[in-house]
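Student: Could you go through this model with me, one part at a time? I'd like to begin with a sheet.
Tutor: Gladly, let's put it up.

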Amino acid sequence: MIRQTRKVSTFTNMLSPKIIGAMAFSLLLASCVPEVGQTKLRTKSGSGVTSNTNDSVAAQNGRVLLDNPIILSKNPELTETVDLARYLSSEMYILNHTYLQQVGPCAGLTYCFEVQKDSTENSALQSSNKKWAFPVATSEFLEVNTFYHADKILNKFYENLYTLYGEAYDSVTTNNRYETAIPKTLVNFDSKFNFNWTSTLKYYADCGVENNALFDPANNYVCLGHLKKYPQIKMAQDSTVIYHETGHFLIKQLLNLRNDPTSGDPRTTYLGSTGSYEESSALGEGIADYYSYFMNNRSHVGEWALGRFLKQSRPISEDDALHPDGVGTDELSSRVSYPDFLSYDPNYASVPYEDVHYAGMIISHYLVAQTDDLVSQCGYTKDNAAKTITKIIAETLSELGDLNSKGIDNALVKGDPNTEIGRINANLNYSFDYYRKINPVNYRSFTQTFAKHFKNILSDSNLNLCNGTTYAKDRLESLLDKYGLLLFRTYNDHRNDANPSDSSVSNESVNPVNRTKTTLLKKSMIKLDERDAQPKAFVVDKQSQIQNLVSGLKANGIINDISPLIPSDFGYNNGNGVINRGEVFGLMPNLYNDSNVTMGGVQVLANDWDQVDGNSPCIFPTEDNWPLPSEGGVNTAPCSNKIFKLDQTNSEIAPVCFVQSGTSSSTQWITQTKFREKIALDKSLCLNSKNDKDCFLRVIKGADQANFSKINAKSNWFDTYKNPVNGKSAQISNNHLILFEVSKHIPPGTTFNCRMRVRFTNCDDCFHDSTRKSTDLGQGYDYVDSEYNGARPYKIIHFVLPIVN
Ligand SMILES: [Zn+2]
């Protein structure tokens with residue numbers, strides 16, 4: 001098993017620090033434009049080999065690989081020495097322009113996208129005679145091949161989006177035909193898309209990274225690398241990799257359809273915000289794989305460089321040959337279902353693996369199965385069915401990513417018809433935090449929103465879009481259930497505006513009879529591991545590890561604010577596994593699943609929340625009977641019966657760590673503010689000199705959540721991911737760690753109690769509010785967003801942290 005060497009993530013959407021360095025450097029090189037169009041290179045024309053040179057084609061033309069070499073050759077064993085010229089297309093139209101730049105539906109930009117070799121080039125590839133034929137072994141060929149496939153998917157995607165707009169809005173009345181998340185302003189009547197791309201999308205077709213391809217959402221480029229072992233094998237030779245990486249870009253476009261980053265609010269949404277494993281990133285990978293299916297209706301992604309040589313390709317349907325026996329769509333086989341398959345890599349099916357790409361296969365497999373069902377139930381062609389699913393993905397992402405807190409057009413807040421704000425993602429000021437961590441996209445929210453739009457379009461008897469009739473809602477629910485994804489009790493049609501006692505904004509219920517495979521667990525089933533010899537948490541405080549971790553997170557813009565009290569070399573970090581003054585440490589909660597069912601999407605939140613009255617910690621009698629009134633806990637009006645505050649500057653919003661004060665006979669738990677006043681430390685000596693709420697022990701914003709893809713029944717995470725083949729223990733990764741700064745000014749011997757909140761995706765009472773029941777089936781509506789700033793949707797856990805010296 002070569003699993004231990006497989007550290008590099010494939011097809012990532014992550015920033016690579018190396019690439020950022022190269023980008024910055026390229027700004028210094030602004031002299032000449034590379035000119036390659038005149039180069040006369042010839043390949044020998046042997047039998048079956050196409051000469052692909054500029055004198056062999058007409059202007060505007062070239063030759064490409066229409067699919068990846070494995071598919072074109074029909075040979076899964078194709079070797080690294082193959083001459084790919086054998087598999088070139090016939091001469092075909094590429095572009096009528098002297099640079100590899102494409103105009104298109106990107107208002108405000110001269111070019112929508114362009115292709116060049118790598119980030120050190122100063123411009124897109126140029127061909128002054130507009131001929132685009134280059135020998136297959138050249139970077140120029142890779143650039144043309146990338147351009148061809150990028151152009152193909154972007155064209156198909158935007159045509160489909162344009163069609164969706166025409167279906168959602170009546171062109172005469174301009175009224176929407178069904179509840180749509182596509183903004184009415186998306187299309188102008190000059191047939192142009194009216195949303196701004198923030199910048200030209202760039203493709204680096206031979207970008208130099210080894211064994212990888214990636215999309216950088218912050219800097220808007222796709223980077224296609226090569227194999228380390230066989231440098232002539234390139235990611236850009238595989239159209240499915242180009243489609244997948246472009247898919248990441250399209251996901252970003254859709255999430256921001258309702259945002260306008262050029263209008264003064266630069267915030268954009270993306271699937272994945274922590275830079276390491278989280279469920280939204282997994283969804284991003286699965287949806288990006290689906291965009292490859294959208295192009296070729298094939299059940300596999302990445303057969304060539306990734307699959308043939310690295311064993312890192314992915315199926316997107318149970319029918320794919322890579323799946324072992326027992327995985328299939330018949331009743332006796334398993335679907336790639338939630339949450340058990342979150343750790344499933346079909347290339348090494350017996351070894352659990354925590355990785356966003358493989359965890360994303362659950363959604364890609366569901367989406368393909370739903371596509372197939374549209375073919376069988378509604379008589380669609382495969383291509384039309386995939387276009388329809390892609391439209392529903394567009395509706396879903398457009399709604400979920402809305403930072404203006406509307407989600408759809410014409411959303412009305414009850415009693416406040418002028419604002420239309422607050423339906424989703426809390427409110428304007430906190431929508432970004434809500435989107436990223438407080439109520440993030442996960443398998444539940446994505447499929448619930450997807451199912452709602454699917455129902456609104458395909459199960460609507462006014463539209464009758466399925467063979468002249470409607471697609472049965474029971475059928476939708478049953479298929480979701482086969483994937484373990486019927487995780488919601490209502491469709492949450494009106495989100496925060498929903499009201500069980502008001503039929504004008506009531507939610508449609510899921511039929512519970514359809515939930516046979518999906519299991520919803522009680523939040524009380526997650527707890528800290530209390531078994532013998534099990535620690536409550538692991539502390540990572542080795543200087544070099546923390547230095548690497550922090551610099552990586554900073555380079556990727558995930559954290560930015562390290563206290564000036566922490567030395568830049570992390571000199572107080574000593575790797576002794578206990579918490580010392582002056583250091584930065586990572587804390588991995590050791591969580592235990594006490595149920596008999598696997599938990600998915602376990603998330604520990606260590607961000608500030610609504611949990612104090614003044615300087616006293618609230619007691620939440622149902623969720624957390626701490627601290628006792630004799631120890632300083634209060635159950636005053638701001639704590640009980642409260643409307644949870646969305647306003648992060650509100651005095652009731654407090655950091656997670658409290659301080660023990662007083663003698664051993666009269667312990668009191670107080671806020672850090674009160675402790676600072678008590679020991680009369682000047683505020684300027686706090687970790688943040690402007691805010692003494694976390695003066696002494698502070699969770700670093702951006703590194704304030706821990707994510708665990710899944711935890712098996714009666715297990716902790718280490719049990720879940722132990723290698724059953726060689727017995728090796730799983731390694732702690734960034735996604736498991738919450739980062740803290742420790743002030744040098746803490747009196748030695750001080751003890752902190754940090755109160756954090758845990759939830760998981762297949763949890764019933766983490767998302768359904770039992771006090772808000774629908775009238776028909778008695779099922780809980782979803783919590784409103786503001787509740788996620790409080791205690792009720794969570795299991796509360798505590799870490800008592802003594803500061804030794
Ligand atoms: Zn990816």
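Student: In what order do the strands of the open sheet come?
Tutor: The order is β11-β12-β24-β21, four strands in an open sheet with antiparallel pairing, where a strand is a DSSP run of E with at least two residues, and helices are runs of H or I with at least four, both numbered from the N terminus. Two strands pair if DSSP finds at least two bridges between them. Please keep in mind that this is a predicted model, in which local features need pLDDT of at least 70 and side-chain atom pairs count only at pLDDT 80 or more, while totals for chains, interfaces and linings use all residues. Residues are numbered from 1 along each chain as its sequence is written, and side-chain values use heavy atoms, with hydrogens and water left out.

Student: Which strands stand at the edges?
Tutor: Those are β11 (537-540) and β21 (697-699), and each has a single partner strand, so one side of each is left without a neighbour in the sheet. From one strand to the next, the twist averages 30°, with axes taken as lines fitted to C-alpha atoms (for helices over the stretch in contact) and angles running from 0 to 180 degrees between N-to-C directions.

Student: And how many bridges link β11 and β12?
Tutor: Four bridges link β11 to strand β12 (residues 584-589), in the antiparallel sense. At one place in this pairing, alanine 537 has proline 589 in β12 as its bridge partner.

Student: What about β14 and β22, how do they run?
Tutor: Strand β14 (residues 599-605) and β22 run antiparallel and are joined by six bridges, with leucine 605 standing opposite glutamine 705 in β22. Strand β22 (residues 705-711) is mostly covered, since seven of its seven residues are buried, where buried means under 20% relative accessible area, exposed means over 50%, and partly exposed is in between (1.4 Å probe, protein chains only).

Student: New topic: how many helices and strands does the chain have?
Tutor: The secondary structure comes to 15 helices and 28 strands. Of the 805 residues in the chain, 60% count as buried.

Student: Let's take helix α12 then. Which of its residues are buried?
Tutor: In α12 (residues 473-482), the buried residues are Lys473, Leu476, Glu477, Leu479, Leu480 and Asp481. Their cover includes α8 (361-378) and α11 (443-458), and glycine 484, which follows α12, has a positive phi near 65°.

Student: You mentioned α11. Which aromatic pair lies in that helix?
Tutor: Phenylalanine 450 and phenylalanine 454 both lie in α11, four residues apart, which is about one turn of the helix. In general, an α-helix has 3.6 residues a turn, so residues three or four places apart point the same way. Both phenylalanine 450 and phenylalanine 454 are buried, and they belong to one aromatic cluster with Tyr366, Phe446, Tyr471 and Tyr483. Rings of Phe, Tyr and Trp (its six-membered ring) pair if their centres lie within 6.5 Å, and planes under 30 degrees apart count as stacked, over 60 as edge-to-face and the rest as tilted.

Student: How many aromatic pairs are there by that rule?
Tutor: The count comes to 30 aromatic pairs. One of them joins phenylalanine 157 and tyrosine 158, whose ring centres are 4.9 Å apart with their planes at 90°, so the pair is edge-to-face. Phenylalanine 157 is buried, at a relative accessible area of 3%, and tyrosine 158 also counts as buried, at 4%. The pair of phenylalanine 450 and phenylalanine 454 is tilted, with 6.3 Å centre to centre and 35° between the planes.

Student: Where are the cis peptide bonds, by the way?
Tutor: One cis peptide bond joins tyrosine 338 and proline 339, with omega about -5°, and proline 339 is found in the loop between β9 (314-315) and α7 (356-359). Another joins tryptophan 626 and proline 627, with omega about -20°, and proline 627 lies in the loop between β17 (616-617) and β18 (653-654).

Student: Last one: is serine 405 buried or exposed?
Tutor: Serine 405 is buried, with a relative accessible area of 0%, and it is found in the loop between α9 (382-400) and α10 (431-438). Although serine 405 is not a glycine, it has a positive phi of about 65°.

How values were computed:
Contact means heavy atoms within 4.5 Å.
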